[in-house]
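Welcome, and thanks for opening your viewer. Keep the selection tool handy as we go from stop to stop.

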Amino acid sequence: MRAFATRAVTRRCVSLAVSLACATFVASGCANENDPAGTPFVPVHPGVLTVATAFLPAPGFWQGNPPTSGFEAKLALVLAQRLGLERVRVVQVPFASIVSGHLDGADIAISQLTPTGEREKHLDFTTPYLTAPSGVLARVGVEASDLQTLQGLRWVVSTTSTLTAVVQDVIRPSGPPVVTEDRTAALKVLRESRADVLMLDLPVAMGLARLEPGSYRVLGQVAVNHGLAAALPDHSPNLEIVDSAIRGLQADGTIDQLQSRWLGDPGNVPLIRTQP
C-alpha cells in the first residue's frame, strides 16, 4: 500500500524522564532558502521548526532519547530541510490539547493525527502524508481472522480516538469495551491482559508490533481508511508552504522510503472482511 502525501506544546519543555520531552536535533544537509510554495516559512523561532507531538516514545514514529528516529521524526527533519530551516525542536504535548488546537507556540503538530470536522474547527491540516486503514492490534496469543471472532474478543477503546466509532459501528463487539482516556491508557489495559484487542491506525499498530513483538501482534486490517496529516494552528500563514513541502516529499518518493524503513509494508497485513 502506497503512502500518499496530501493537506491541517506544552507551555514548558522538560525532560523525557518526567514524561514531557524537549529535544533539538540538526536538520543536516543543505536546504533551499525559498520554500516550495514561493513564500518564506515563518517559524516561531528563527531557523528552527518546532514540532509538537503527543506520544513519546511512539514506536515506529518517534524513537530514541532524544526522539530523533522513526517515521515522523525523520519526516520532521526532511520537512525542515525543505523549508530552509536549520534545526528541529520536539516538544511533547497532551493529545487532547493538540486536537483542541492548543499547540502552545509550536509551528506544527506531527503526531499520528487524523483530520476530522471537529478537529478542523481548531486546526489547519495538511493533506495526509500517510493513508491509514484501521489495524487490529492484539496481545500475543490472541487469534482472530474474521469478523465473528473479533466480535467475541474483549476490546479497549479511547475517548480521544476517531477509531472508537469503527469498533462500535463496524466491529460491534458482543460485550462492552473497556473505555480509556487515550491511547497510552488503552495500551496499558492491553498489556495488563484486561482486554484482547485495540483498534489503531494500521501504521501505528505495525510500529508497536515491530518494536515489541513479544507483546503485540497485528491480526489484520479493516477497510476503513483514514489519513494521517500534519496540523498547524488555526489560520496559520504557513499552511500552504508546509502542504506544498509534504506533497513534494510524496512525489519524490521520500515518504514511501520512510514508511518502508520505519513502519514496514501494510500490504503484508491480511484484510479482515466486515461486509458479507
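Before you click on anything, keep in mind that this is a predicted model.

**Stop 1: the largest cavity**

Let's begin on the inside. Select Ser 161, Thr 162, Arg 183, Leu 200 and Asp 201: of the 22 residues lining the largest cavity, these are the closest to its centre. The space they surround has a volume of about 270 Å³.

Now colour β7 (155–158), α4 (164–171), α5 (183–191) and β9 (197–201), since each of these elements supplies at least two residues of the cavity lining. Which element gives the largest share of that lining? It is β9, with four residues.

If you colour the cavity lining by class, you will find eleven nonpolar, seven polar and four charged residues.

**Stop 2: the largest pocket**

Next, select Phe 55, Leu 56, Pro 57, Thr 184 and Leu 187. Of the 18 residues that line the largest pocket, these sit closest to its centre. The volume of this pocket is about 370 Å³.

Keep α5 coloured and add α6 (202–211); each of the two provides at least two residues of the pocket lining. The largest share comes from α5, which contributes five residues. Sorted by class, the pocket lining has ten nonpolar, four polar and four charged residues.

**Stop 3: two cis peptide bonds**

Stay with Leu 56 and Pro 57 for a moment and zoom in on the bond between them. This is a cis peptide bond, with omega at about -5 degrees. Pro 57 is found in the loop between β2 (48–53) and α1.

Now follow the chain to Asn 65 and Pro 66. A cis peptide bond joins this pair too, and here omega is about 5 degrees. Where does Pro 66 lie? It is in the loop between β2 and α1.

**Stop 4: two crossing helices**

Show helix α1 (residues 71–82) together with helix α7 (residues 239–251). Their axes come within 10 Å and cross at roughly 115 degrees. Turn the view until one helix lies in front of the other: the crossing of α1 and α7 is right-handed.

To see how the helices touch, show side chains on both. From α1, pick Leu 75, Val 78, Leu 79 and Arg 82; from α7, pick Val 242, Ala 245, Ile 246, Gly 248 and Leu 249. What classes of residue make up this contact of α1 with α7? There are seven nonpolar, one polar and one charged.

**Stop 5: a salt bridge**

Here is a useful idea for this stop: side chains of opposite charge can pair when their charged atoms come close. The structure holds eight salt bridges.

For one of them, select Asp 196 and Arg 139, whose side chains meet at 2.7 Å, N to O. Asp 196 belongs to the loop between α5 and β9, while Arg 139 is in strand β6 (residues 130–139), so this pair ties together parts that are 57 residues apart in sequence.

**Stop 6: a backbone angle to check**

Finish at Gln 112, in strand β4 (residues 108–113). If your viewer lists backbone angles, look up phi for Gln 112: the value is near 50 degrees, which is positive in a residue other than glycine.

Note on methods. Residues numbered from 1 in each chain as written. Predicted model: local features only at pLDDT ≥ 70, side-chain atom pairs only at ≥ 80, totals over all residues. Heavy atoms only, no water. 1 Å grid on protein atoms, 1.4 Å probe; cavity = no way out; pocket = protein on both sides within 12 Å on 5 of 7 lines; lining within 4 Å. Points joined across faces, edges and corners; volume = space filled by probe spheres on them. Nonpolar A, V, L, I, M, F, W, Y, C, P; charged D, E, K, R; others polar. Axes fitted to C-alpha atoms, helices over the stretch in contact; angles between N-to-C directions. Left-handed = near helix turned anticlockwise from the far one by under 90°. Contact = heavy atoms within 4.5 Å. Salt bridge = Lys/Arg side-chain N within 4 Å of Asp/Glu carboxyl O.
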